[in-house]
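Colleague: Got a minute to go through this one with me? I'd like to hear the reasoning behind the labels, not just the labels.

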Amino acid sequence: MRALSGSDADWRGAKTWSLVFYAGDELYQLQKAAYTMFISENALNPAAFPSLKRFEAEVLAMASDLFHGKSGDADAVGSMTSGGTESLLMAVKTARDLARAQRPEVTAPEMVMPVTAHPALLKAAHYFDVRPVRTPVRADCRADLDAFREAVGRNTILAVGSAPQYPHGVVDPIEEMSEIARAQDIPFHVDACLGGYLLPWVKLLGRDIPPFDFELPGVTSISADLHKYGFAAKGASTIFYRNRDLRMHQFFAVTDWPGGMYGSPTMTGTRPGGAIAAAWAVMKHLGKEGYTRLAAETMRITDTLVSGISSIDQLEVISDPEMSVFAFMSHEIDVMALATAMYKRGWRLDRQQLPDSLHMMVTPNHAKIIDPFIADLSECVAAAPGEPEGVGFYGAAGGSLTGDKDAKANVLAYLDGLG
Ligand SMILES: *Cc1c(COP(=O)(O)O)cnc(C)c1O
């Protein structure tokens, strides 16, 4: 197994810009110890494992504080889930069921979101039979408010903004969007999967971060991933609702099953104890001081990388991202080919489209590679890189999806070919 892992993406060496959020060996060993201690426990039945019940409650309480869960009329409650996708599935399912209960006249439910919103939301729309209405973004890659306002209407059961969106790392105008939804009494979800556990600390450092959480009266739910900038082990995310009544529409219960009474808060049945325990350990260990320190380091590295990339004439960072996720493009060279050239030097840069760009997600671990990365990037740009490749499969920077089928058939064939 160790030998096989030798050909995996080198995240420890900080050669990758997605998929793994690594903040050093100390935190890694802590995750590992906490995870393995509860590797067999199952949070499906919290009564059997009061330890997990307490970990989950405390993780949620700490996070709820971070998101101003007690401001205004908010009395936020949440659940831990296995990841951002599950949190978003829950947000959409909850909004759909709320509408079923309160707005029976809506027979063709729709959810409105900018085109830059994460595909997990489209997956949720697909699974729960809600029609996605995708609205354009402005030149700065943030949601176009006129188009958004126009799209929210009679059949809308949920409106969504991102803090920040994944492709370019910019925060949508959440305050204005949530007010548009609130004016029509429509739930508004903030996808803070990426930024939820970083933006509050970045703000504390004195940077300009617009409000995006429950302090805004129109925000009714928030998703935030612990296994991203929460630096928890994989399999940990959170979903919050403005109040208990909302969350009630998330839960599932069966009372006439021969196996007994059955209740499940989220999508999954069995809920791995390790992920919950590791998230709790990391949050307790880091605390406000630790998270602020990691955020400061992440932003220092981001600033250095952004100025290094911007100093290369042919490259341009897209828009003005608030935190540590961004993309760069070029009007002069083919960045898809640039990604290939960088790949040959061991770097994994994810290729994006519309427009073609390369994606960066900065972690504290990247401190050690700033200089060699910028040096390789300058050399590869100067060498006018060779073979262009197609758009990358999300996150799989090494593979490209080009073929004679249409794009969707290619993606499906790729998945089919995995095993
Ligand atoms: C990562 C991400 C998701 C999905 O999270 P997973 O943990 O990969 O399921 C959703 N939204 C945004 C903005 C993300 O960055």
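Colleague: What makes the pair between Asp225 and an oxygen atom of the ligand a polar contact?

Modeller: Keep in mind this is a predicted model. An N or O atom in the side chain of Asp225 sits 3.3 Å from a ligand oxygen atom. The cut-off for a pair of N or O atoms is 3.5 Å, so 3.3 Å qualifies.

Colleague: How do you know that Thr85 and Lys228 qualify?

Modeller: With the 3.5 Å limit again, a polar side-chain atom of Thr85 is 2.6 Å from an oxygen atom of the ligand. For Lys228, a side-chain N or O atom is 2.9 Å from a ligand oxygen atom, so both pairs pass the 3.5 Å test. The protein covers 87% of the 380 Å² of accessible area that the ligand has on its own.

Colleague: Why is strand β6 called largely enclosed?

Modeller: Buried means under 20% relative accessible area. Five of the five residues of β6 (residues 221–225) are buried, so the rest of the structure largely encloses the strand. Ser221, Ser223 and Asp225 point one way, Ile222 and Ala224 the other way, and all are buried.

Colleague: What makes β5 and β7 pairing partners of β6?

Modeller: Pairing takes at least two bridges. Strand β5 (residues 188–191) has three with β6, in the parallel sense, and Val190 has Ile222 as its bridge partner. Strand β7 (residues 237–241) has five with β6 and runs antiparallel to it, with Ser237 opposite Asp225. Three and five both meet the minimum of two, so both count as pairs.

Note on methods: Residues numbered from 1 in each chain as written. Predicted model: local features only at pLDDT ≥ 70, side-chain atom pairs only at ≥ 80, totals over all residues. Heavy atoms only, no water. Polar contact = N/O pair within 3.5 Å; in protein donor to acceptor, adjacent residues only side chain to side chain. Areas by Shrake-Rupley, 256 points an atom, 1.4 Å probe, with all protein chains shown as cover. Buried < 20%, exposed > 50% of the residue type's maximum accessible area, 1.4 Å probe, protein only. Helix = DSSP H or I, 4+ residues; strand = E, 2+ residues; numbered from the N terminus.
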